[in-house]
Amino acid sequence: MSAEAVAATTAIQTKKKKDRTFVTTMKRLLKNKLAIIGLIIILLQVIMAIAAPVITIHSPFKQNLAQSELPLFSEGHFLGTDNFGRDLWSRIVYGARISLLVGITAVGLGLAGGVTLGLLAGYYKRLDGIIMRIVDLLFAFPGILLAMLIIAVLGTSLVNVAIAISIWSIPTCARIVRGSVLTVKKQEYVQAMKSLGASDFRILVKHILPNCSAPIIVFATMRMATAILSTASLSYLGLGAQPPTPEWGAMISQGQDFMWTSPHMTIVPGIAIMLIVFAFNVVGDGLRDALDPNMNLNQ
């Protein structure tokens with residue numbers, strides 16, 4: 001069979017396989033009860049972030065010292081208020097915007113860098129050693145310390161937090177993509193495309209990258225949980241969001257001085273962080289199981 005015929009046949013078979021895999025993946029994911037709960041929590045956060053001005057009455061920044069430290073279920077403030085009299089519900093809702101925005105930005109930048117390096121390292125043998133040594137160098141630093149070092153250089157702001165977390169995400173993503181590329185590039189259809197004279201860019205983007213999408217999707221989902229938690233941690237340490245920004249980690253830092261008199265100032269944002277991190281982790285686990293080719297073969 002000629003190279004053209006091999007390439008055409010393989011393209012058709014690959015498309016049919018992708019369609020079957022998508023349907024099977026969705027069926028498997030929808031059978032995972034924890035993943036469904038996680039998806040609902042994530043959907044609620046997205047709705048909160050988009051509809052924040054609609055579902056809140058009070059400004060997250062407006063202070064009212066006459067109503068400071070109101071407890072839960074107070075009239076007009078069902079989640080209470082902080083020590084400046086700011087409505088906690090409003091600050092939690094607007095904090096969802098910040099967590100989602102920083103998480104998406106950090107993961108997006110991390111994927112852009114990690115996927116690019118992983119593709120180049122896996123496809124070009126001469127670049128593999130150089131890129132992987134750079135990745136090993138980044139792995140030498142604990143993630144949160146690397147982020148703190150980057151912020152110390154760039155300055156304290158949410159933009160720099162997103163940049164720091166994205167740089168921290170690059171080495172792990174690069175390793176995952178490189179491993180997938182090393183497997184995929186040996187496939188018959190890739191060799192057929194090479195023999196037809198297809199450019200390396202076309203092969204990487206149109207044929208190799210789509211077949212490496214499963215581990216990338218799982219990584220991105222679970223990295224969202226890490227990004228949100230890291231943003232809260234850095235803000236808690238004073239390296240991220242600065243007052244009066246309604247960021248969940250900064251709210252916990254502010255509320256820790258009032259743990260005995262107004263514990264809801266710390267507990268409420270803590271629960272918000274716990275729920276969203278839990279949600280992305282269980283969805284990531286569900287996607288990993290649903291996309292596992294060994295499990296799909298048993299269907």
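How far apart should the ends of α2 be, given its 18 residues at 1.5 Å a residue? The expected span is 26 Å, and the end C-alpha atoms of α2 are indeed 26 Å apart, so the two values agree. Bear in mind that this is a predicted model, and every value here is computed from it.

**Helix α2, one side in and one side out**

Let's stay with α2 for a moment. Its buried residues are Ala35, Gly38, Ile41, Ile42, Gln45, Met48 and Ala49. Look down the helix axis and these buried residues fall within an arc of 145°, so they line one face of α2. The general background is simple: an α-helix has 3.6 residues a turn, so residues three or four places apart point the same way. On the other side of α2 you'll find Lys33, Leu43 and Ile50, which are exposed. There's also a contact at the start of α2, where a side-chain oxygen of asparagine 32 comes to within 3.1 Å of the backbone nitrogen of leucine 34.

What sits across from the end of that buried list? One answer is glycine 95, which belongs to helix α4. The C-alpha atoms of glycine 95 and alanine 49 are separated by 8.1 Å, although the two residues are 46 apart along the chain. Glycine 95 has a relative accessible area of 0%, so it counts as buried.

**Empty space: a pocket and a cavity**

Met48 of the buried set turns up again in the second largest pocket, where Met48, Trp89, Ile92, Ala272 and Leu275 lie nearest the centre among 14 lining residues. α2 (33-50), α4 and α12 (264-290) are the elements that give two or more residues to this lining. Of these, α12 gives the most, with 5 residues.

The whole structure also holds 1 cavity of 30 Å³ or more. Asp82, Leu88, Arg91, Met251, Gln254 and Met265 line this cavity, with α4 (88-123) and α11 (248-255) as the elements that give two or more residues to the lining. Here's how the two spaces look side by side:

| Space | Volume | Nonpolar residues | Polar residues | Charged residues |
|---|---|---|---|---|
| Second largest pocket | about 340 Å³ | 13 | 1 | none |
| Largest cavity | about 40 Å³ | 3 | 1 | 2 |

Helix α12 also contains threonine 266. Is threonine 266 buried or exposed? Its relative accessibility is 14%, and under 20% is the cut-off, so threonine 266 counts as buried. A polar atom of its side chain lies 3.4 Å from the backbone nitrogen of glutamine 256.

**Backbone oddities in the loops**

Most residues other than glycine have a negative phi, and most peptide bonds are trans. A few spots in this model go the other way.

The loop between α3 (52-55) and α4 holds glutamate 69, whose phi is positive at about 55° even though it is not a glycine. Phenylalanine 73 lies in the loop between α3 and α4 too, and its phi is near 65°, again positive in a residue other than glycine. As for accessibility, glutamate 69 is partly exposed, with a relative accessible area of 28%, while phenylalanine 73 is exposed at 70%.

And which residues are joined by a cis peptide bond? Proline 243 and proline 244 are, with omega at about 5°. Proline 244 sits in the loop between α10 (213-236) and α11.

Note on methods. Residues numbered from 1 in each chain as written. Predicted model: local features only at pLDDT ≥ 70, side-chain atom pairs only at ≥ 80, totals over all residues. Heavy atoms only, no water. 1 Å grid on protein atoms, 1.4 Å probe; cavity = no way out; pocket = protein on both sides within 12 Å on 5 of 7 lines; lining within 4 Å. Points joined across faces, edges and corners; volume = space filled by probe spheres on them. Helix = DSSP H or I, 4+ residues; strand = E, 2+ residues; numbered from the N terminus. Nonpolar A, V, L, I, M, F, W, Y, C, P; charged D, E, K, R; others polar. Expected span 1.5 Å × (residues − 1). Buried < 20%, exposed > 50% of the residue type's maximum accessible area, 1.4 Å probe, protein only. Arc of directions from axis to C-beta. Polar contact = N/O pair within 3.5 Å; in protein donor to acceptor, adjacent residues only side chain to side chain.
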